[in-house]
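Me: I am new to this structure. Please show it to me, then let me ask how its descriptions are justified.

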Amino acid sequence: MNSLNKKDKFIIHDLRNKIFQAKSCLEIAADLSPYLTDNVWLERSNVATDQAHQLLEELLLSNRNSGMPNEKSDKVTWNLQEYIQTHAKPDLEALQRMYPIEIEVTCHYQPEAKYVCLNDSLIKRIKDNVVDNAIKARATNLSVDYDLKDDYYVVTFTDNGCGMTTEKLDKVLLKQFKKDDIHGLGTQFISATAKDHNFVLTYHSELGIGTTVRFLCPYS
Ligand SMILES: Nc1ncnc2c1ncn2[C@@H]1O[C@H](COP(=O)(O)OP(=O)(O)O)[C@@H](O)[C@H]1O
Ligand SMILES: [Mg+2]
């Protein structure tokens, strides 16, 4: 990431303060009107503000790291099974709490430990984008499968949304080469992050049935 200038940093700190103010107002409102505590929107907005706050922290942190000589230093080695348990699953659970979509996670592990080299915040944002697209496609269910094979692993997201025709999918995937097109940033981000991690990304979609996004990933 390019390093942030003073103005960007000011904006981020300002945003962070505003998010805190909004969160405090919500807390005061819930204190004054206890019946609000059971309100699902209040709960979701709390999760959303927490996430926004975390995202801003990451932005500031990645800026701090951006001065480092090694561009790849932002990737960390993880035990994959532990990573799925302590990061991937909780992230998906948080998204499920925040949005009106059922997220089912299945995992197939290996008897011995497998290691991977990942940038956690980018991987997290892949999930955000996949879930966002599924919701926009009016999916009610998203199944996420982690399949650890001997020599590689596969992560598959399958939604039951509106799906796309082949022509539409081709158009979406080709968009990433038109840098001046500001639409379709989600799939652009997913492709770029997959490329950065040496994942092989494939999309499969059927109109009226749903969409599958599949990442074939190497171990480190
Ligand atoms: N899971 C999906 N199901 C159906 N259509 C999708 C899905 N993911 C992406 N699309 C289509 O591809 C388009 C581009 O997606 P994306 O790059 O994430 O951009 P955005 O979400 O900003 O529109 C979407 O507007 C949608 O038409
Ligand atoms: Mg999107």
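Reply: Here are some questions about its labels, each with a short answer.

Reply: This is a predicted model: local features need pLDDT of at least 70, side-chain atom pairs count only at pLDDT 80 or more, and totals for chains, interfaces and linings use all residues. Residues are numbered from 1 along each chain as its sequence is written, while chains are lettered from A and ligands numbered from 1 in the order in which they are written.

Me: Why is Asp-8 called partly exposed?

Reply: Asp-8 has 14 C-beta neighbours inside 10 Å. Buried takes 20 or more other C-beta atoms within 10 Å, exposed takes 12 or fewer, and partly exposed is in between, with C-beta atoms placed from the backbone. So Asp-8 counts as partly exposed. Asp-8 sits in helix H1 (residues 6-32). Buried residues make up 17% of the 220 residues in the protein.

Me: What makes a stretch count as a helix or a strand?

Reply: Both are DSSP runs, numbered from the N terminus: helices are H or I with at least four residues, strands are E with at least two. The protein has six helices and seven strands. Along the sequence, the pattern reads α-α-β-α-β-β-α-β-β-α-α-β-β.

Me: Which residues of H4 and H6 meet?

Reply: A contact means C-beta atoms, placed from the backbone, within 7 Å. Among those from H4 are Leu-122, Arg-125 and Ile-126; among those from H6 are Gly-186 and Phe-189.

Me: What share of the contacts with a separation of 6 or more is between residues 24 or more positions apart?

Reply: Such pairs account for 68% of those contacts in the protein.

How values were computed:
Two residues are in contact if their C-beta atoms, placed from the backbone, lie within 7 Å.
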